[in-house]
Amino acid sequence: MHIAEGFLPPLHAAGWTLAAAPFVIHGGRAVARERRERPETTLLLGAAGAFTFLLSAIKLPSITGSSSHPTGVGLGAVLFRPPVMAFLSTVVLLFQALLLAHGGLTTLGANVFSMGVAGPWTAYLVWCTVRRVNHTAAVFAAVALADLATYAVTATQLALAFPDPATGFSGAMAKFLGVFAVTQVPLAVVEGLLAVLVLRLLGDIARPELERLDM
Amino acid sequence: MGHLSLAARAVTVSYGGRTVLCAASLDVRPGSRLALLGANGSGKTTLLRVLSGALRPDAGQVRVGPDALRHSRAGLTAHRQQVQLVLQDPDDQLFAADVARDVSFGPLNLRLAEDEVRSRVDEALEVLGLRELAERPTHQLSFGQRKRVAIAGAVAMRPCLLLLDEPTAGLDATGADEMLTALHRLEEWGTTVLLSTHDVDFALAWATEVAVVEAGRVLQGDPGALLGDTGLLARARLRRPWVLELADRLDVSRGGAPSPRDLESLVAALTDFRV
Amino acid sequence: MGHLSLAARAVTVSYGGRTVLCAASLDVRPGSRLALLGANGSGKTTLLRVLSGALRPDAGQVRVGPDALRHSRAGLTAHRQQVQLVLQDPDDQLFAADVARDVSFGPLNLRLAEDEVRSRVDEALEVLGLRELAERPTHQLSFGQRKRVAIAGAVAMRPCLLLLDEPTAGLDATGADEMLTALHRLEEWGTTVLLSTHDVDFALAWATEVAVVEAGRVLQGDPGALLGDTGLLARARLRRPWVLELADRLDVSRGGAPSPRDLESLVAALTDFRV
Amino acid sequence: MSTGFALDDAAWASPWRRRAVGEKVLLAGGLVGVGISLPVWPGSVLAAAAALAILLGPAQVSPRVLARSVAAPLAFIVVGSLSVLVSLRWDGGPGVAVTEETRRSALSVLGHGTAGTLGVLVIAATTPMADLLGALRRLRVPDACIDVAGLVYRLVLVLLATVVQMGEAQAARLGYRDRRTTLRSSAALGAGLLVRSWDRARRLEEGLAGRGYTGSLPSLDPPRRTSLPFVATSLVALGAITTAALTMGGS
């Protein structure tokens with residue numbers, strides 16, 4: 001769920017940009033450091049970014065009738081870790097804004113915060129906690145909760161920008177959560193299932209690569 | 001396998017402002033060996049995708065027997081059980097860890113019973129000469145073997161008609177021979193094959209009928225006639241098959257004899273000629 | 001460009017337990033046109049990678065002029081300014097969004113000044129006939145154009161010797177003609193070209209010398225002689241060029257005349273013969 | 001099979017492609033800034049109209065590409081505006097209402113969103129990604145980051161055809177027949193895509209090593225000169241919109 005260009009008031013857009021900036025800079029530094037230590041990672045990171053971008057182009061089975069696409073951030077965070085995902089998500093969101101007109105430039109910060117920071121960190125924390133109990137459950141929960149976190153943060157961003165005149169923030173939150181629940185809640189479930197299947201298949205066809213990623 | 005005739009009628013397709021096919025028509029007759037010829041980018045693959053139902057043309061229609069193909073979900077599901085397209089790059093079509101599992105993908109989607117799936121897989125591997133490779137991981141196979149596995153995946157759907165995009169491209173002599181053997185087996189087995197190629201020598205030797213894609217249109221006819229037509233070939237950016245070129249230069253077919261199709265018939269014609 | 005001779009001396013390479021090259025030797029003489037022939041998987045690419053320095057052989061050495069190639073960083077840096085390898089799939093070497101940017105990569109790595117880089121890029125695009133495509137996005141080019149861009153990227157390093165892996169594979173007639181023109185320009189320009197191919201007809205027509213990779217070894221010699229040797233060709237899983245096959249079947253070269261290399265010389269020989 | 005993205009193709013083919021990135025960013029950024037920060041009437045409307053006129057006029061973007069590009073963001077903007085339009089009450093049982101105030105803010109967000117989206121398209125449809133990344137490099141964004149972004153662009157385009165063909169091949173074998181097979185096929189597509197991405201990266205690394213690759217991916221940007229008339233015209237137009245908005249909006 002990308003907030004379109006111009007949808008957020010300028011002050012809010014600037015605020016979210018500032019909020020996302022430390023994470024993106026941290027991710028960018030991590031990328032630069034990786035490259036100094038292991039030059040070959042530049043290409044692997046490029047591949048990871050391309051994968052994340054293209055994963056979001058795959059059409060998922062519809063449950064409610066409306067078609068949806070995976071966000072890719074949950075699986076990306078599990079595979080590539082949140083700091084790198086903060087950077088890669090910024091690149092992917094920038095490309096989506098300019099190549100597909102999804103999202104925007106002034107709203108890039110807000111979108112990075114929900115999809116590149118909140119989503120991946122949620123996924124990673126859930127993954128680290130639950131994987132000790134059950135691997136499959138951990139993948140499902142990490143990815144599904146990453147999507148729900150992204151959706152909740154986006155609703156919060158919108159509710160802060162457009163509080164309801166009668167009921168304020170809480171009313172607005174209810175509206176935005178309600179309106180986008182139709183697409184976002186089924187998406188979380190389906191993307192969670194998808195991630196489980198993808199990792200299972202990767203175990204069959206790409207074990208060495210997964211081991212390199214410490215999976 | 002049945003006797004399905006498939007045709008494109010006045011099909012027009014444009015991508016990003018460029019018209020790739022312009023009122024192109026093609027008839028695929030059951031039992032024929034049809035080679036679709038054209039330079040890279042001429043629209044061969046586009047036409048195959050239209051015939052397979054993967055691409056809906058901007059105008060014109062695809063006819064299956066007496067009926068027009070419907071691009072509804074049900075229409076395509078039915079169509080795909082009769083017509084299968086195999087694309088050029090096998091790596092875009094193989095997903096599973098090993099050969100047998102990959103070939104079983106289609107039959108499983110047909111909701112067949114497990115026994116039936118197994119027998120379909122065995123049968124397809126047999127026809128393509130891949131029996132010994134059934135349990136091998138796909139990434140360990142050679143390029144030519146992977147191409148045949150991709151075809152086996154389509155054959156396991158038991159289509160009447162198989163559309164192959166450049167099945168011999170990138171193969172060395174051994175790989176090309178194995179592919180040719182597989183094509184002959186498919187024919188014996190009752191499957192009609194339409195293939196695209198830019199190898200005019202191969203098309204002349206193999207096909208009973210050729211179709212040349214040129215400037216968005218399709219010209220269909222006898223291999224010897226179309227592939228001997230220097231004007232058409234130049235427009236289609238194809239060269240003349242060397243057998244025909246040589247026959248022409250040596251003035252072999254003066255007497256109205258049928259034009260040679262391969263080395264053997266050329267040698268025969270030249271020997272006749274000298275006697 | 002200089003006159004560099006390059007050689008592999010008793011090179012052995014194994015991957016995962018399989019010996020791909022076994023005491024293979026090859027001499028690349030400056031100014032020759034050398035075609036390296038072999039079936040898919042025979043070790044052609046491996047030999048090219050050894051010659052380029054990308055792969056260090058398990059035994060044997062690569063000789064550059066009178067010296068042995070050192071696989072140190074400095075040794076390889078020096079070697080790559082003289083010998084450049086272009087891989088079969090252009091997408092394995094093209095990383096930039098447009099043609100000129102991509103070709104500038106090598107010269108920039110040589111730490112040349114910006115003006116010098118620009119003139120190298122222009123020169124390389126000129127030689128490969130890509131001038132009008134300089135600002136075109138890489139992904140919009142045809143396969144044949146991308147192949148030539150990959151070669152331009154190597155040419156911009158101004159090597160004396162260019163190793164091309166399957167430069168004509170996958171090209172249609174037009175693409176192959178453009179590649180051939182580019183090869184001739186490179187020769188005029190003083191670059192020695194060694195290319196690998198499994199197209200025996202093309203090798204016979206183009207090369208002044210051929211080398212056949214078979215069972216891990218390399219046999220080097222005259223194109224007419226090696227490509228006429230049915231025993232060797234069978235072992236190497238190659239077929240005989242059709243010109244030689246036909247000349248043989250028609251008993252053309254009885255009189256010890258040089259074997260024909262292409263359609264023209266075959267027609268000439270046949271015409272002589274009939275008179 | 002399309003070779004890329006409609007907007008990106010438009011940017012590569014744009015008559016403004018050889019303009020300096022800075023001047024296009026000034027114009028597009030100005031239009032976005034004016035379009036989202038001024039009162040909707042007439043600020044956003046004028047900015048949107050100017051962006052539309054530029055896109056369809058001198059920038060020669062095809063109306064079809066433009067219509068398709070704005071469809072997705074417009075859907076979000078409309079749904080979002082409708083949510084703003086409706087006010088939610090708790091007291092005395094939940095209920096909804098549309099007031100003058102909500103109508104005004106819904107129109108405002110609709111106008112700002114539309115103007116902003118069109119403004120961004122002015123840069124997106126005239127400037128290839130490579131030029132934008134080159135400009136970011138000149139702005140001292142670290143090389144490592146620009147290199148990765150450039151690779152993402154190239155690999156996306158290399159792998160795009162693969163994704164399309166993999167999906168079609170699965171569909172041909174009835175892989176998208178129902179929900180269950182769709183989920184399985186999508187997963188196979190995702191896994192296959194990751195393997196192909198890694199494979200591409202590994203092969204590219206080897207391919208570039210021979211060209212002197214040691215970790216960084218320098219390339220030479222084409223020389224571009226800033227056009228003063230373009231900059232001046234842009235500033236005058238932006239100034240005119242701002243003035244009009246501030247004077248007319250007051251009345």
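This report walks through the chain contacts and a few local features of a predicted model.

## Ground rules

Since the model is predicted, local features need pLDDT of at least 70 and side-chain atom pairs count only at pLDDT 80 or more, while totals for chains, interfaces and linings use all residues. Residues are numbered from 1 along each chain as its sequence is written, chains are lettered from A and ligands numbered from 1 in the order in which they are written, and side-chain values use heavy atoms, with hydrogens and water left out.

## Who touches whom

Of the 5 pairs of chains that touch, A and D have the most contacts, where contact means heavy atoms within 4.5 Å. Chains A and C, on the other hand, do not touch, and their nearest C-alpha atoms sit 10 Å apart.

## Chain D against chain A

Here 71 residues of chain D meet 69 residues of chain A. Together the two chains bury about 6,000 Å², with carbon and sulfur atoms giving 83% of that; buried area is the accessible area (1.4 Å probe) that two parts lose on being put together, summed over both. On the chain D side, D:F76, D:L183 and D:W198 supply 13% of the area buried against chain A, more than any other three residues.

The charge pairing is easy to list: there is 1 salt bridge between chain D and chain A, a salt bridge being a side-chain nitrogen of Lys or Arg within 4 Å of a carboxyl oxygen of Asp or Glu. D:D147 and A:R35 meet in a salt bridge, at 2.6 Å from N to O. There are also 9 residue pairs in polar contact between these chains, both residues at pLDDT 80 or more. (A polar contact is a pair of N or O atoms within 3.5 Å; within protein, one must be able to donate a hydrogen and the other to accept it, and residues adjacent in sequence count only if both atoms are side-chain atoms.) Several elements of chain D each give at least two residues to this side, among them helix 2 (21-37), helix 4 (63-85), strand 1 (87-89) and helix 5 (100-124). Helices (H or I, at least four residues) and strands (E, at least two) are DSSP runs, numbered from the N terminus. Helix 8 of chain D has the largest share, 18 residues. By class, the chain D side splits into 45 nonpolar, 18 polar and 8 charged residues; Ala, Val, Leu, Ile, Met, Phe, Trp, Tyr, Cys and Pro count as nonpolar, Asp, Glu, Lys and Arg as charged, and the others, Gly among them, as polar.

## Chain D against chain C

This contact takes 35 residues from chain D and 33 from chain C. The pair buries about 3,000 Å², 51% of it on carbon and sulfur atoms. In chain D, the residues losing the most area to chain C are D:R154, D:R211 and D:L220, together 31% of what that side buries.

Between chain D and chain C the count is 11 salt bridges. One of the salt bridges links C:D89 and D:R200, with the closest N and O atoms 3.2 Å apart. Polar contacts come to 21 residue pairs, both residues at pLDDT 80 or more. Helix 1 (6-13), helix 6 (129-138), helix 7 (143-172) and helix 8 (179-209) of chain D each supply at least two residues to the side that touches chain C, and helix 8 has the largest share, 7 residues. That side has 15 nonpolar, 8 polar and 12 charged residues.

## Pairs that join other chains

Over all chains, the structure holds 63 salt bridges. D:R173 and B:D102 form a salt bridge at 3.3 Å, N to O. D:R173 lies in the loop between helix 7 and helix 8 of chain D and B:D102 in helix 3 (residues 99-103) of chain B, so the pair joins two chains.

A search of the whole structure also turns up 14 aromatic pairs over all chains. The rings of B:W242 and C:W242 have centres 3.6 Å apart and planes at 10 degrees, so this pair is stacked. (Rings of Phe, Tyr and Trp, the last by its six-membered ring, pair if their centres lie within 6.5 Å; planes under 30 degrees apart count as stacked, over 60 as edge-to-face and the rest as tilted.)

## Backbone oddments

The peptide bond from D:W41 to D:P42 is cis, with omega near 0 degrees, and D:P42 is found in helix 3 (residues 40-56) of chain D. B:A10 has phi near 50 degrees, a positive value in a residue other than glycine; B:A10 is placed in strand 1 (residues 6-15) of chain B.
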